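Let's take a walk through a protein together, one stop at a time. Have a look at the structure first, and then we will follow a few of its helices and side chains.

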Amino acid sequence: MAGEVHVNCTMCHALAGDQCSLHGVEIENPAYTVCAQFRAPDEAADSPPHRLPGLADLSPDWIYEIDTTGEPTPLVQVARRRRNRPSTGKLPPASDLRAAQPERGQTDLVDRFRGALLGLAAGEALGFPAEGRSPQDIEMIYGGPLAGMTARIGRRHTWPVGQGAKDTQLVQLVGQSLLEAHGALDADDLAERLVRWLPAALKPGKSTIAAIESLAEGHHWCVSGVDSNGAGGTTRVVPLALLRHRQLGRLRQEAVLQCLLTHTGAKSLAGTVLFATAIASLVETPPGRLHRAAWMSLLERAIRGIDLEASARLHEVTLALDDGQAPHAVLGRFKTGGFVLECLPSALYCFLRWPQDPVRAVLTAVNAGFDACATGAMTGALAGAYLGLSGLPEAWSRALPVTDPLLRLADQLHALAEET
């Protein structure tokens, strides 16, 4: 086979961290897998594999997707280092697959971790003045659309600039739980932390409150969750997504588990898996090399079988981006309420509309109002994971009172990720 061919395994729908059921290879790359062999689902596991038709003629400078008939479809042209494959035609061992991945500097990865956490906190702080308000109310209260960090003006109280809320608090809570458990997701510890956190929580959702009160009453975390499709269990998954950024299969399972403590709705679970996969894959995506179609395909496969409407909303995001519709019209149709399939697709749209411009992306998201904290936090986390802290405005970090704790958390998560 000439050169190196990277394909998505669409026959078994395996993701990074999974074991490909058809080809027996563990998948390392968050966005693509290396599969050069084909074994039909009804064939015995020890039967000799077949070559995928036409693979020997493929250019090594393209990433291909192989459909169930074995036909290759080019997705995107890339420049990748070639390497020799064993003459037997067998897949190389996992160590070789890992070595073939693009080398990433430690500093760059730390920067991505920092960017994801600071981006989330900044997005929530930018959205806090618009929380619960319509776009018309925002313009009336502040004299126009929000253009930066602003103090929230209320009827009886004015909140300081850079004020965060529940999403930033929960990210710190989940991150500390992971650190103290040495990288394990300890649901019992997380449940105890949620109970202790509730009295000091800033603007938690009704479902989150009800679930934590159930925990406080002595109910086990496996039955404490509320049948809700809110976004309360989604935004807090960022530390877990960073820690498991090279283990998407494990991340998918643990993202569901941590969400179940408070939200059990299928749409909420799908949204949590989708957001976690998005953050984890962006951390590993070279700057300026995000291929939208391949990335959206990865997200769709991550939530396949969980909720059909969530998959459909991903398709709607793609259509809105391709049609070039005005952002206010798109967000007005998607909505930006607390329902996870409103705020999350809106955040994905804003990020993908301006992947290199985090300011415009986040401000567009928060000026749509309503659950502006969640929409802004998600958009900021996506932008930060992709661009890193160095790609975010310094003014955001200076305005946030939680910058130092979040930077320490990011560094500790990175160190833990390198150990595990």
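Our first stop is a pair of helices: H11 passes H12 in a right-handed crossing. Keep in mind as you look that this is a predicted model. Helix H11 covers residues 292-303 and helix H12 covers residues 308-323, and their axes come within 9 Å and cross at roughly 165°. Angles over 145 degrees count as roughly antiparallel, so H11 is roughly antiparallel to H12. Which residues make the contact between them? From H11 come Arg292, Met296, Leu299, Glu300 and Ile303, while H12 supplies Ala310, Ser311, Leu314, Val317, Thr318, Leu321 and Asp322.

Now move along to another pair of helices, H14 and H16. Here, too, the crossing is right-handed as H14 passes H16. The two axes come within 8 Å, and they cross at roughly 40°. H14 and H16 are therefore oblique to each other. Try finding the residues that touch: on H14 they are Cys343, Leu344, Ser346, Ala347, Leu348, Cys350 and Phe351, and on H16 they are Ala374, Thr375, Met378, Thr379, Leu382, Ala383 and Tyr386.

Two names in that contact deserve a second look, Phe351 and Tyr386. What kind of aromatic pair do Phe351 and Tyr386 form? The pair is edge-to-face, with 5.9 Å from centre to centre and 85° between the planes. Phe351 sits in helix H14 (residues 340-353) and Tyr386 in helix H16 (residues 372-387), so their pairing ties together parts that are 35 residues apart in sequence. Are these two side chains buried or exposed? Phe351 is buried, because its relative accessible area is 0%, and Tyr386 is buried as well, with a relative accessible area of 2%. Trp295 joins the group too, as ring pairs link Trp295, Phe351 and Tyr386 into a cluster.

How many aromatic pairs are there in the model? The count comes to four. Another of these pairs is made by Phe128 and Trp159, which meet edge-to-face at 5.5 Å centre to centre, with 85° between the planes. Phe128 is in the loop between helix H2 (106-127) and helix H3 (135-142), and Trp159 is in the loop between H3 and helix H4 (166-180), so this pair ties together parts that are 31 residues apart in sequence. Phe128 has 1% relative accessibility and so counts as buried, whereas Trp159, at 25%, counts as partly exposed. Phe128 has a charged companion as well: Arg152 lies over the face of its ring, at 5.5 Å from the ring centre.

Our next stop is a different arginine, Arg244, found in the loop between helix H8 (238-243) and helix H9 (248-260). Where would you expect its side chain to be, buried or exposed? With a relative accessible area of 1%, Arg244 is buried. Leaving aside neighbours within four places in sequence, Arg244 is in contact with Gly183, Ala184, Leu185, Arg250, Leu251 and Glu254.

Finally, step into helix H8 itself, where you will find Val238. Val238 is buried, with a relative accessible area of 0%. Not counting residues up to four places away in sequence, Val238 touches Ala116, Leu117, Leu120, Phe275, Ile279 and Ala381. From Val238 you can also trace a distance to Ala280: the two are 42 residues apart in sequence, yet 8.4 Å apart in space, C-alpha to C-alpha.

Key: Residues numbered from 1 in each chain as written. Predicted model: local features only at pLDDT ≥ 70, side-chain atom pairs only at ≥ 80, totals over all residues. Heavy atoms only, no water. Phe/Tyr/Trp six-rings, centres within 6.5 Å; stacked < 30°, edge-to-face > 60°. Helix = DSSP H or I, 4+ residues; strand = E, 2+ residues; numbered from the N terminus. Buried < 20%, exposed > 50% of the residue type's maximum accessible area, 1.4 Å probe, protein only. Lys NZ or Arg CZ within 6 Å of the ring centre and 35° of its normal. Contact = heavy atoms within 4.5 Å. Axes fitted to C-alpha atoms, helices over the stretch in contact; angles between N-to-C directions. Parallel < 35°, antiparallel > 145°, perpendicular 65-115°, else oblique. Left-handed = near helix turned anticlockwise from the far one by under 90°.
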